[in-house]
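Please open the model in your viewer and keep the sequence panel beside it, since this tour moves from one selection to the next.

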Amino acid sequence: MLKTVLMVVEIIVSLAMIFSIMLQSGRDAGFSGAVSGMSNNLSGNKAKGLDAFYKKVTSAMAILFIILALVLVAL
């Protein structure tokens, strides 16, 4: 019973992680992004607004996913 509940929670966490990754804006736009993107990375531009929120959600979901996977393996 516990293993089934944890598997369902892991599926929900994985879907949330996929959606949070998909909602983040891309860092480059083809060749022009590759050329001009280097200066953006060096200048220290950080994610703002929703991108920062999605980045935090993605990190939290990834950590939770790994923890759940390890717990499921141990069961």
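Begin by selecting Glu10, which in this predicted model is buried and yet has no salt bridge. If you then look for the nearest side chain of opposite charge, you will arrive at Lys3, which is 9.8 Å away, whereas a salt bridge would need the charged atoms to be within 4 Å. Glu10 itself lies in helix α1, and, once its neighbours within four places in sequence are left aside, Glu10 is in contact with Phe65, Leu68, Ala69 and Leu72.

Keep Leu68 and Leu72 in view and add Leu6, Val13, Met17 and Met61, because together these six residues make up the largest nonpolar core, a core being a set of buried residues joined through side-chain atoms within 4.5 Å. Which helices each supply at least two residues of this core? They are α1, covering 2–23, and α3, covering 50–74. In soluble globular proteins, nonpolar side chains tend to be buried together.

Next, select Leu6 alone and show what surrounds this residue: apart from its neighbours within four places in sequence, Leu6 is in contact with Leu68, Val71, Leu72 and Leu75.

Finally, zoom out to the whole chain, which has three helices and zero strands, so that its elements run α-α-α from the N terminus on. Of its 75 residues, 17% count as buried, and the accessible surface comes to about 5900 Å², with 73% of that belonging to carbon and sulfur atoms. Among the contacts with a separation of 6 or more, 97% are accounted for by residues 24 or more positions apart.

Key:
Residues are numbered from 1 along each chain as its sequence is written. This is a predicted model: local features need pLDDT of at least 70, side-chain atom pairs count only at pLDDT 80 or more; totals for chains, interfaces and linings use all residues. Side-chain values use heavy atoms; hydrogens and water are left out. Buried means under 20% relative accessible area, exposed over 50%, partly exposed in between (1.4 Å probe, protein chains only). Helices (H or I, at least four residues) and strands (E, at least two) are DSSP runs, numbered from the N terminus. Contact means heavy atoms within 4.5 Å. Accessible areas come from the Shrake-Rupley method with a 1.4 Å probe; for residues, only the protein chains shown count as cover. Lys and Arg count as positive and Asp and Glu as negative; His and the chain ends are not counted.
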